Amino acid sequence: MTDLAREFSEYLDRVERLVGDIKTGQFGRFRNRLVRKLDQEQFQEKIQEYTQHGERLSEAVMNGDTIDERLTVQIRAIEFDLVMEKSRYLP
């Protein structure tokens, strides 16, 4: 199983556990926000976007640059889309 397939499987498990039994494309609630259950292609796009933003954040921290608040907001929004309980990049 590839890393992406494993991550997608974990995502489906989180959706089932935290949002409920919904079909792909349907909306459910996660932490009082509406989230749509993604298909594998949509998940792949979101996880790539999440990784890119996370790498930008990590690079800014390592270089001592000022962190753009929009970047942290974007990361949090993607974490909701991915039904993540714990951030990989933010405290």
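Tyr50 is buried, at 0% relative accessibility. This is a predicted model, and in it Tyr50 forms an aromatic pair with Tyr89. Tyr50 is also one of the residues that touch the most other members of the largest nonpolar core. Here is a quick tour, starting from that tyrosine and working outward.

**Tyr50 and its ring partner**

- The Tyr50–Tyr89 pair is edge-to-face, with 5.1 Å from centre to centre and 65 degrees between the planes.
- Why does 65 degrees earn the label edge-to-face? Because planes over 60 degrees apart count that way.
- Tyr50 belongs to helix 2 (residues 40-63) while Tyr89 sits in the segment after helix 3 (69-81), so the pair ties together parts that are 39 residues apart in sequence.
- The two partners differ in exposure: Tyr50 is at 0% and counts as buried, whereas Tyr89 is partly exposed at 24%.

**Other aromatic features**

- How many aromatic pairs does the structure hold? There are five.
- Phe8, Tyr11 and Phe43 are linked into a cluster by ring pairs.
- Phe80 has a charged neighbour over its face: Arg33 lies there, at 4.1 Å from the ring centre.

**Ser87, next door in the tail segment**

- Ser87 is another residue of the segment after helix 3, and with a relative accessible area of 13% it is buried.
- Which backbone nitrogens does the Ser87 side chain reach? One is that of Tyr89, at 3.0 Å, and another is that of Leu90, at 2.8 Å.
- Setting aside neighbours within four places in sequence, Ser87 is in contact with Tyr50, Arg76 and Glu79.
- Put together, Ser87 has a side-chain link to the backbone of Tyr89 and a contact with Tyr50, and those two tyrosines are the partners of the edge-to-face pair.

**The nonpolar core**

- The largest nonpolar core has 20 residues, and Tyr11, Val19, Phe43, Tyr50, Leu82 and Val83 are the ones touching the most other members.
- Which helices feed this core? Helix 1 (3-19), helix 2 and helix 3 each supply at least two residues.
- Nonpolar side chains tend to be buried together in soluble globular proteins.
- Phe43 touches Leu4, Glu7, Phe8, Tyr11, Leu38 and Leu82, leaving out residues up to four places away in sequence.
- Two of those contacts, Phe8 and Tyr11, are also its companions in the ring cluster.

**Acidic residues on helix 2**

- Glu49 lies in helix 2 and is partly exposed, at 30% relative accessibility.
- Glu59 is also in helix 2, but at 53% it counts as exposed.
- The C-alpha atoms of Glu59 and Glu49 are 15 Å apart, with their positions ten residues apart along the chain.
- From Glu49 to Asp81, 32 residues along the chain, the C-alpha separation is 11 Å.

**The loop between the strands**

- Arg31 is in the loop between strand 1 and strand 2 (33-36), and its phi is near 50 degrees, a positive value in a residue other than glycine.
- Asn32 shares that loop and also has a positive phi, about 65 degrees, without being a glycine.
- What makes those values worth a glance? Most residues other than glycine have a negative phi.
- Is Asn32 buried or exposed? At 71% relative accessibility, Asn32 counts as exposed.

**The chain as a whole**

- The protein chain has three helices and two strands, running α-β-β-α-α from the N terminus.
- Its C-alpha atoms fill a box of roughly 45 × 35 × 20 Å along the principal axes.
- Of the 91 residues, 33% count as buried.
- Among contacts between residues at least 6 apart in sequence, 58% join residues at least 24 apart.

**How confident is the prediction?**

- The mean pLDDT of the chain is 96, and 100% of the residues reach 70 or more.
- Where is confidence lowest, and where highest? The low end is helix 2, at a mean of 96, and the high end is strand 1 (residues 27-30), at 98.

How values were computed
Residues numbered from 1 in each chain as written. Predicted model: local features only at pLDDT ≥ 70, side-chain atom pairs only at ≥ 80, totals over all residues. Heavy atoms only, no water. Phe/Tyr/Trp six-rings, centres within 6.5 Å; stacked < 30°, edge-to-face > 60°. Helix = DSSP H or I, 4+ residues; strand = E, 2+ residues; numbered from the N terminus. Buried < 20%, exposed > 50% of the residue type's maximum accessible area, 1.4 Å probe, protein only. Lys NZ or Arg CZ within 6 Å of the ring centre and 35° of its normal. Polar contact = N/O pair within 3.5 Å; in protein donor to acceptor, adjacent residues only side chain to side chain. Contact = heavy atoms within 4.5 Å. Core = buried A, V, L, I, M, F, W, Y, C linked by side-chain atoms within 4.5 Å. pLDDT = per-residue confidence, 0-100.
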